[in-house]
Amino acid sequence: MGKYGDYIWSAYAVFVIVFAIDAIAPRLSRRRVLAEIRGKLKRRAARETSP
Amino acid sequence: MNALTLWFHKIGSPPTFYRIAGAWAPWLFGVAIVLGVVALYGGLFVAPADYQQGDAYRIIFVHVPCAWMSLFAYGFMALNAFIALVWRIKLSEILAMASAPVGAAFTLVTLVTGSIWGKPMWGTWWTWDARLTSELVLLFLYLGVIGLHNAIEDRRQAARAASFLALIGIVNVPIVHFSVNWWNTLHQGSTVRLMGESHITGAMVWPLLVMTLATHIWFFASVFARSRVGLLELEGGKEWARDVALADAPRDTVTAHG
C-alpha cells in the first residue's frame with residue numbers, strides 16, 4: 001500500500017466497524033423489545049391472579 | 001380490490017411483513033458480506049495503483065459506494081415518508097424510520113473515509129466546500145429524523161412528524177449530487193457515469209460495482225432487520241407480537257406463566 005497504508009487501512013476499518021455496529025444494533029433492540037412485551041404480559045398475568 | 005392492491009395490503013400487514021423480512025434478512029446480510037469481501041479484496045489487492053494518486057485512491061472502493069447509498073437511502077426514506085403521510089400506511093412509517101439510521105451510517109462512513117482520503121490528497125482533513133458541507137447537512141438531516149422520532153411518545157405520531165422532516169430534507173439530495181458541477185470545489189467530479197464514458201479502467205471499476213451491489217443489498221438487510229423491531233414495538237399489544245415474544249423467551253420464563 002506504499003506510503004498511504006495507514007490512510008487506506010483506517011478508512012477500511014471505519015467502514016467495517018460502522019457496519020458491524022449497524023448489524024448488531026437491531027439484534028440488541030429486538031431483544032429489548034421482546035423482553036418488554038414479555039414483562040407487560042407477566043405483569044398483567046400477576047394482576048389477574050392476585051385477589 | 002384488484003390483485004395488486006390485494007397483494008400490497010397482504011404484504012403490508014405487520015405480521016406478514018415481519019415474517020417475510022425475517023426470512024429474507026439473514027440471506028441478504030450473507031450475500032452482502034460475501035460480495036463486500038470480494039470487492040474489498042479486489043479493491044485492495046487486484047486493482048492497479050492510480051497513476052496520479054498512487055494507492056491512496058483505493059479509499060474510493062468504500063467511499064463512493066457509501067456516498068451513493070447515503071443518497072439512495074434518503075430517497076427510499078423520503079418515498080416511504082411520502083406514502084406514510086399521504087396514505088397513512090403503517091408499514092411505510094416503519095420502513096421510513098428504519099432507513100434513517102442505516103442512511104446515517106452510510107453518510108458517516110462517507111464523511112470519515114472522505115476526510116481520511118482528503119488528508120494525503122488535498123493536505124486537509126476538512127474544507128467547507130459545497131460537496132462536503134451538503135453531505136454534512138445530509139448527516140444532520142438523518143440525525144434530526146432519528147431525534148424527532150425518539151422525542152415523541154406516541155409511536156405513530158412520532159413517525160409522521162419525522163416523516164414530514166424527512167420529506168422536507170429531500171431538497172438537499174440534488175444539492176449533494178450536483179454540488180461538484182454547480183460550484184467550484186476541491187472535490188473531484190464524477191468518476192463513474194451511467195451515461196457516457198466512465199473515467200476509470202475495468203480492473204478498477206469491477207470492485208467498485210460489486211461493492212455498490214453489496215451496499216444496496218446490505219441496506220435492505222438492515223432496513224428489514226430494523227423494521228421487524230419497529231413492528232414489534234408498534235404492535236406489542238397484538239396477538240402476533242405476543243406470540244413472537246413468548247416463542248423467543250428463555251425456557252424458564254415461558255413455563256412461569258403458562
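Trainee: How many helices and strands does chain B have?
Mentor: In this predicted model, chain B has ten helices and zero strands. Read along the sequence, the pattern is α-α-α-α-α-α-α-α-α-α.

Trainee: And what box do the C-alpha atoms of chain B fill?
Mentor: Roughly 70 × 40 × 35 Å, taken along the principal axes.

Trainee: What pLDDT does chain B average?
Mentor: The average is 89, and 94% of the residues of chain B score at least 70. As a general caution, where pLDDT is low, the predicted coordinates should not be read in detail.

Trainee: What ipTM and pTM does the predictor give the complex?
Mentor: The ipTM is 0.90, and the pTM is 0.90 too.

Trainee: OK, on to the interface. How many residues does the contact take from each chain?
Mentor: Chain B gives 46 residues and chain A gives 28. Between them the two chains bury about 3,300 Å², with 76% of that on carbon and sulfur atoms.

Trainee: How many residue pairs are in polar contact across the interface of chain B and chain A?
Mentor: The rule finds seven, counting pairs with both residues at pLDDT 80 or more.

Trainee: Which helices of chain B each supply at least two residues of the side that touches chain A?
Mentor: Those are helix 2 (14–46), helix 3 (60–87), helix 4 (90–122), helix 8 (202–234) and helix 9 (239–248). Helix 4 of chain B provides the largest share of that side, with eleven residues.

Trainee: What's the make-up of that side by class?
Mentor: On the side of chain B that touches chain A there are 31 nonpolar, seven polar and eight charged residues.

Trainee: Changing topic: how many salt bridges are there over all chains?
Mentor: The count comes to nine over all chains. Between chain B and chain A, the count is three.

Trainee: Which residue forms a salt bridge with Arg30(A)?
Mentor: Asp248(B) does, and the closest N and O atoms are 3.8 Å apart. This pair crosses between chains, from helix 9 of chain B to helix 1 of chain A. In general, side chains of opposite charge can pair when their charged atoms come close.

Trainee: Last one, aromatics. How many aromatic pairs turn up over all chains?
Mentor: A search of the whole structure finds 19. One of them is formed by Phe19(A) and Phe106(B).

Trainee: Nice, what's the geometry of Phe19(A) and Phe106(B)?
Mentor: The pair is tilted, at 4.7 Å centre to centre with 45° between the planes. Phe19(A) sits in helix 1 (residues 5–49) of chain A, while Phe106(B) is in helix 4 of chain B, so this pair also crosses between chains.

How values were computed. Residues are numbered from 1 along each chain as its sequence is written. Chains are lettered from A and ligands numbered from 1 in the order in which they are written. Side-chain values use heavy atoms; hydrogens and water are left out. pLDDT is the predictor's confidence in each residue, from 0 to 100. Contact means heavy atoms within 4.5 Å. Buried area is the accessible area (1.4 Å probe) that two parts lose on being put together, summed over both. A salt bridge is a side-chain nitrogen of Lys or Arg within 4 Å of a carboxyl oxygen of Asp or Glu. A polar contact is a pair of N or O atoms within 3.5 Å; within protein, one must be able to donate a hydrogen and the other to accept it, and residues adjacent in sequence count only if both atoms are side-chain atoms. Helices (H or I, at least four residues) and strands (E, at least two) are DSSP runs, numbered from the N terminus. Ala, Val, Leu, Ile, Met, Phe, Trp, Tyr, Cys and Pro count as nonpolar, Asp, Glu, Lys and Arg as charged, and the others, Gly among them, as polar. Rings of Phe, Tyr and Trp (its six-membered ring) pair if their centres lie within 6.5 Å; planes under 30 degrees apart count as stacked, over 60 as edge-to-face and the rest as tilted.
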